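Please look first at the sequence and the model that follow, and then read on with both of them in view. The paragraphs below go from the whole chain to its parts and then to a few single residues.

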Amino acid sequence: MPPAVGPHAAVVVAWPEEDAYRWRENAACALLRAHEKAMFYGESRGDEQKAKAVCATCPVMAECRDYAMTGVETWGVWGGLTVQERRCIRARRRAGEVSQAQTVG
Ligand code: SF4
């Protein structure tokens, strides 16, 4: 598992203290215990579904998804999307099939 620096990382390191990242302070996943956060990086469909269920309750899902869609996070569930789903959406955006507004939040 690559190191993660987001709100559901087991060890949070090196997030910029800029206003643009303040959303992470309200992240639903940040309230989970360390062993529970592993679901965001699980290999099973069950783990993905559990992580997505947490994201569905998260008050900052739109901000998180916007951040994740930049491609900076290359592993795990972010903003309710798996890495494969994020790649697919980015490809569809590049192809002009969907706009950013249609796929954020
Ligand atoms: S949307 Fe999901 S991954 Fe993003 S901050 Fe909320 S709970 Fe965490």
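The mean pLDDT of this protein is 84, and 82% of its residues reach 70 or more; what you are looking at is a predicted model, and pLDDT is the predictor's confidence in each residue. Among the elements, α2 has the highest mean pLDDT, at 97, whereas helix α5, made of residues 100-103, has the lowest, at 74. Where pLDDT is low, the predicted coordinates should not be read in detail.

With that caution in mind, we can turn to the overall plan. The protein contains five helices and zero strands, and reading along the sequence gives the pattern α-α-α-α-α. Of its 105 residues, 27% are buried. If we take the contacts between residues at least 6 apart in sequence, 47% of them join residues that are at least 24 apart.

Which residues have the most contacts inside the largest nonpolar core? This core has 15 residues, and those with the most contacts inside it are A51, C55, C58, C64 and V77. The elements that give two or more residues to this core are α2 and α3.

The ligand is the next place to look. It is surrounded by 14 residues, of which the closest are A27, C29, C55, C58 and C64. The elements that give two or more residues to this shell are α2, which covers residues 45-56, and α3, which covers residues 61-68. By character, the shell divides into 11 nonpolar residues, three polar ones and no charged ones. C58 is worth finding in both settings, since C58 is listed among the residues with the most contacts inside the core and also among the closest residues to the ligand. Leaving out residues up to four places away in sequence, C58 touches A27, A28, C29 and C64.

Helix α3 can now be followed in more detail. Its buried residues are M61, E63, C64, R65 and A68, and these buried residues pack against α2 and α4. Is R65, which is found in helix α3, buried or exposed? R65 is buried, because 20 other C-beta atoms lie within 10 Å, and a residue counts as buried when 20 or more do so. Although R65 and G79 are 14 residues apart along the chain, their C-alpha atoms are separated by 4.0 Å.

G79 itself has its place in the loop between α3 and α4. G79 counts as buried because it has 22 C-beta neighbours inside 10 Å. Apart from its neighbours within four places in sequence, G79 is in contact with C55, M61, C64, R65 and A68. The C-alpha atoms of G79 and V54, which are 25 residues apart along the chain, are separated by 9.7 Å.

T74 is also found in the loop between α3 and α4, but T74 is exposed, because 11 other C-beta atoms lie within 10 Å, and the cut-off for an exposed residue is 12 or fewer. The C-alpha atoms of T74 and Q84, 10 residues apart along the chain, are separated by 9.4 Å.

Beyond that loop comes α4, which covers residues 83-94. Helix α4 has 12 residues and reaches 17 Å from its first C-alpha to its last, which is close to the 16 Å expected at 1.5 Å a residue. Just after α4, G96 takes a positive phi of about 80°.

Finally, return to the early part of the chain, where Y21 lies in the segment before α1, the helix of residues 34-37. Y21 counts as partly exposed because it has 14 C-beta neighbours inside 10 Å, a number that falls between the cut-offs for exposed and buried residues. The C-alpha atoms of Y21 and Y67 are separated by 9.0 Å, while the two residues are 46 residues apart along the chain.

Technical notes
Residues are numbered from 1 along each chain as its sequence is written. This is a predicted model: local features need pLDDT of at least 70, side-chain atom pairs count only at pLDDT 80 or more; totals for chains, interfaces and linings use all residues. A residue is near a molecule or strand if its C-beta atom, placed from the backbone, lies within 6 Å of it. Helices (H or I, at least four residues) and strands (E, at least two) are DSSP runs, numbered from the N terminus. Ala, Val, Leu, Ile, Met, Phe, Trp, Tyr, Cys and Pro count as nonpolar, Asp, Glu, Lys and Arg as charged, and the others, Gly among them, as polar. Two residues are in contact if their C-beta atoms, placed from the backbone, lie within 7 Å. A nonpolar core is a set of buried Ala, Val, Leu, Ile, Met, Phe, Trp, Tyr and Cys residues joined through C-beta atoms within 7 Å. pLDDT is the predictor's confidence in each residue, from 0 to 100. The expected span of a helix is 1.5 Å times one less than its number of residues.
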